[in-house]
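Please open the model in your viewer and keep the sequence panel beside it. The tour below goes from one selection to the next and says what is there.

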Amino acid sequence: MNLARFPRIRLGHMPTPLEPMENLTRHLSGPGGGPRLWIKRDDCTGLSTGGNKTRKLEFLMAEARAEGADTVITQGATQSNHARQTAAAAAKLGFACHILLEDRTGYTDAAYTQSANVLMDKLHGAHVSRRPGGADMAAEMEALAAELRAQGRKPYVIPGGGSNPVGALGYVNAALELVNQAAEMGLRIDHVVHATGSAGTQAGLVAGLVALNANIPVLGIGVRAPREKQEANVLALAQRTAAHLGLEGIVRPEHVVANCDYVGQGYGIPTEGMVAAVRLLAEKEGILLDPVYSGKGMAGLIDLIGKGHFGRDENVVFLHTGGAVGLFGYPDAFGVSAD
């Protein structure tokens, strides 16, 4: 599996740390013990406070440059971590950047609509425009791209979350990185758990781990779609990613597992479990999760541990996808007034 065949621009601080969560492990262990918990710190990738999208953008921005683009276009929810990191990558590499933000929550308070990720999008110099919930965001991006081409610009369109076979290469590379780190540490990884949304992170991890014959199952904790739809999206992208690598046919349906029981009322809408998980990690490990992805992912992991889903003394690695800056968009969820 030779990733050097694909254009890549180094944007992140890698490898990211792989650390034990000893306090959380003790806290969650029952009388009979429990799994040993680890965290892969992809919140530490460095680009504009870090996050998982940086890995994807290394390959996406390289393709944009190779195609002679001078502008990048992408989309996401109002508090999109992907939009922030894309805006930062564009600033670093000298691309103009257009961000289309979709209202997926209906929240109108200033903390949510103007602070946190939105503020950082603008600080990085991105052109930010809004779209109503339910808009066809792919069509909206293509319409904008057509306008820019008519003006003589050369736009490169990045799908939401950077989730296509090019972007997913970032998590194929992360799979290789994780396996190498574990080998150096003498760590047997029994499970990888993370929040899954636009599918690119899970698809890349699955394709990479299967290609490496690592025999490490990946569990995605869904933050948006129902399980059947989420698994179908991940499987389709993982298979396309494997084909992009020249390894068509290696990813099978049994390699893709998602649990979407922790979405709550919808994408980006806080849950009690998310709030409790964010508080617990902050208090026990000094680690800040985010309210949309990793907070719900950790809430799912904690609940599954309580239900005995993982074996005693198994090593479970939680992949932290970043986005803690999004906490500033949700002060009311944590009992902090925005005034």
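Which residues of H8 are buried? Select helix H8, residues 200-211, in this predicted model. The buried ones are Gly200, Thr201, Gln202, Ala203, Gly204, Leu205, Val206, Ala207, Gly208 and Leu209. That is ten of the twelve residues, so H8 is mostly covered, since buried means under 20% relative accessible area. Put a distance between the end C-alpha atoms of H8: the value is 16 Å, which agrees with the 16 Å expected for twelve residues at 1.5 Å a residue. After H8, step on to Asn213, which has a positive phi, near 55 degrees.

**The whole chain**

Zoom out. The chain has 339 residues, arranged with eleven helices and ten strands. Along the principal axes, the C-alpha atoms fill a box of roughly 65 × 55 × 35 Å. The radius of gyration is 19 Å, in agreement with the value near 20 Å for a compact globule of 339 residues. Buried residues make up 56% of the chain. Among contacts between residues at least 6 apart in sequence, 81% join residues at least 24 apart. Switch on the surface: about 13700 Å² is exposed, and carbon and sulfur atoms supply 50% of it.

Now color residues 10-322, where UniProt, in an unreviewed entry, places the feature "domain: Tryptophan synthase beta chain-like PALP". Over this range the chain is 44% helix and 16% strand. The end C-alpha atoms of the range are 18 Å apart.

**The nonpolar core**

Select Met61, Val72, Phe95, Ile189, Val192 and Leu205 and show their side chains. In the largest nonpolar core, which has 58 residues, these six touch the most other members. Helix H2 (53-66), H3, E4, helix H7 (165-185), H8, helix H9 (227-244) and strand E10 (315-320) each supply at least two residues of this core. Which helix gives the most to this core? H7 does, with eight residues.

**Glu177 and the cis bond**

Stay on helix H7 and pick Glu177. Is Glu177 buried or exposed? Its relative accessible area is 11%, so Glu177 is buried. Leaving out residues up to four places away in sequence, Glu177 touches Met14, Pro15, Thr16, Lys40 and Arg55. Met14 is 163 residues from Glu177 in sequence, yet their C-alpha atoms are 8.8 Å apart in space.

Move to Met14 and look at the peptide bond to Pro15. This bond is cis, with omega about 5 degrees. Most peptide bonds are trans. Pro15 sits in the segment before strand E1 (18-20).

**Ser80**

Next, select Ser80, which the "active site" annotation in the unreviewed UniProt entry covers. Where is Ser80 found? Look in the loop between strand E3 (71-77) and helix H3 (81-93). Ser80 has 6% relative accessibility, and therefore counts as buried.

**Glu102**

Follow strand E4 (residues 96-102) to Glu102. Glu102 is buried, because its relative accessible area is 5%, under the 20% limit. Show what surrounds this residue. With neighbours within four places in sequence set aside, Glu102 is in contact with Gly76, Ala77, Thr78, Arg131, Pro132, Gly133, Gly134, Ala135, Met137 and Arg224.

**Two more positive phi angles**

Most residues other than glycine have a negative phi. Two further stops go the other way.

Select Ser48, in the loop between strand E2 (36-41) and H2. Ser48 is not a glycine, but its phi is positive, at about 50 degrees. With a relative accessible area of 11%, Ser48 is buried.

Finish at Asp313, in the loop between helix H11 (294-306) and E10. Here phi is again positive, at about 70 degrees, and Asp313 is not a glycine either. Does Asp313 count as buried, partly exposed or exposed? At 38% relative accessibility, Asp313 counts as partly exposed, because that class lies between the 20% and 50% limits.

Notes. Residues are numbered from 1 along each chain as its sequence is written. This is a predicted model: local features need pLDDT of at least 70, side-chain atom pairs count only at pLDDT 80 or more; totals for chains, interfaces and linings use all residues. Side-chain values use heavy atoms; hydrogens and water are left out. Helices (H or I, at least four residues) and strands (E, at least two) are DSSP runs, numbered from the N terminus. The expected span of a helix is 1.5 Å times one less than its number of residues. Buried means under 20% relative accessible area, exposed over 50%, partly exposed in between (1.4 Å probe, protein chains only). Contact means heavy atoms within 4.5 Å. UniProt positions are given in the numbering used here, feature names are shortened, and annotations may be inferred rather than shown by experiment. The radius of gyration is taken over C-alpha atoms; the globule rule is 2.2 Å times the number of residues to the power 0.38. Accessible areas come from the Shrake-Rupley method with a 1.4 Å probe; for residues, only the protein chains shown count as cover. A nonpolar core is a set of buried Ala, Val, Leu, Ile, Met, Phe, Trp, Tyr and Cys residues joined through side-chain atoms within 4.5 Å.
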